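Visitor: I would like to go through this protein with you, starting with its cysteines. Could you take me through them?

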Amino acid sequence: MDTHRRLHTPALFLLLLLVVDAATVAEAKLVPNYYAKTCPRAERIVTDVVSQKQLSHPTTAAGVLRVFFHDCFVSGCDASVLVAPTAFARSKRDAAQSRSLPGDAFEAVTRAKTALELECPGAVSCADVLAIAARDLVAMTGAPSYPLRLGRKDALASSPATPDAELPLANSTVPRLIAMFAAKGFTTQELVALSDAHTLGFAHCSEFADRIFPRAKGGAAPPHDPTMNPSYAKGLQDACRNYQRDPTIAVFNDVMTPGKFDNMYFVNLQRGLGLLSTDQAL
């Protein structure tokens, strides 16, 4: 990857994040000043609340970004991923793909929504709160900010079946990934750019265990995925040694700059320091 394209990857990712929201934008005819009369300080309130959350819990940005992607990629940015299941109804949160979504992310959105309700009851949708929070938190980690059009409507339903059917898996093949993103209107290059979200946050060991603890296939098993840097693979093996007994064990996606939104994740892949097999394959 040449230097020019590396330097522009974060900006390209954010541009594509807006494209993920394009269907919602087109359908709802969003506008920048949607809350000018009903809640003029809406963006400021969300920014203040989630910024404080990020300062006290630095993994919040990665969590909210992931939740935003899960929300938008499956059914448009309608906050259906925020709906909690009850004893009477299941929701997207019950899907296998949703079970590892971080509590910090939901707490950040809840705090912001609560603050908004105190100032402008019933005015701002949860979908807009999530969109604003994702934009501001990613900017706090070093990415460029961008203007948002607002006016998203919250979903009236949340299906537990759709996330597992429409979201990519950590071990998805490249053809499968390309097909899934193409179905949403993305090119292969755009798919790769969107993968830069993995420059933030962490992954549970179970999501990449097959790379560091490979099983024998007709002979002796290799010590690790041969595309991985041997020292990096050994460090991951040590960190994840007990992951089957403790499935909460996780490591940072980006071993070099885990809390910074930059292009280092792509650089790491070229050095054998990538974590997820899907990203290495792409």
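Visitor: How many disulfides does a search of the whole structure find?

Guide: The search finds three disulfides. Please bear in mind that this is a predicted model.

Visitor: What is the pairing of the bonded cysteines, in sequence order?

Guide: With the bonded cysteines of the protein chain numbered in sequence order, the pairing is 1-4, 2-3, 5-6.

Visitor: Let us take Cys39 and Cys120. How many ångströms apart are their sulfur atoms?

Guide: The sulfur atoms of Cys39 and Cys120 are 2.0 Å apart, and the two residues form a disulfide. Cys39 lies in the loop between helix 2 (22–28) and helix 3 (42–56), while Cys120 lies in the loop between helix 5 (103–119) and helix 6 (126–140), so the bond ties together parts that are 81 residues apart in sequence.

Visitor: Is that disulfide of Cys39 and Cys120 right-handed or left-handed, and why?

Guide: The torsion about the S-S bond of Cys39 and Cys120 is about 65 degrees, so this disulfide is right-handed.

Visitor: And are Cys39 and Cys120 buried or exposed?

Guide: Both Cys39 and Cys120 are buried.

Visitor: What about Cys72 and Cys77?

Guide: Cys72 and Cys77 also form a disulfide, with sulfur atoms 2.0 Å apart. The link of Cys72 and Cys77 has 115 degrees about the S-S bond and is right-handed. Cys72 is buried at a relative accessible area of 5%, and Cys77 is buried at 1%.

Visitor: Then Cys205 and Cys240: which parts does that pair tie together?

Guide: Cys205 and Cys240 form a disulfide with their sulfur atoms 2.1 Å apart. Cys205 sits in the loop between strand 1 and helix 10 (209–212), and Cys240 in the loop between helix 11 (230–239) and strand 2 (250–252), so the pair ties together parts that are 35 residues apart in sequence. The torsion about the S-S bond of Cys205 and Cys240 is about -75 degrees, so the disulfide is left-handed.

Visitor: Are Cys205 and Cys240 buried or exposed?

Guide: Cys205 is buried, at 1% relative accessibility. Cys240 is buried as well, at 0%.

Visitor: And how accessible is Cys126?

Guide: Cys126 counts as partly exposed because its relative accessibility is 22%, and buried means under 20%.

Visitor: A change of topic: what does the UniProt annotation say of His198?

Guide: The unreviewed UniProt entry has a "binding site" annotation that covers His198.

Visitor: Where is His198, and which residues does His198 touch?

Guide: His198 is in the loop between helix 9 (188–194) and strand 1 (202–204). Leaving aside residues up to four places away in sequence, His198 touches Asn253, Asp254, Tyr265, Leu276 and Asp279. His198 is partly exposed, with a relative accessible area of 25%.

Key
Residues numbered from 1 in each chain as written. Predicted model: local features only at pLDDT ≥ 70, side-chain atom pairs only at ≥ 80, totals over all residues. Heavy atoms only, no water. UniProt positions renumbered as here; feature names shortened; annotations may be inferred. Helix = DSSP H or I, 4+ residues; strand = E, 2+ residues; numbered from the N terminus. Buried < 20%, exposed > 50% of the residue type's maximum accessible area, 1.4 Å probe, protein only. Contact = heavy atoms within 4.5 Å. Disulfide = S-S within 2.5 Å.
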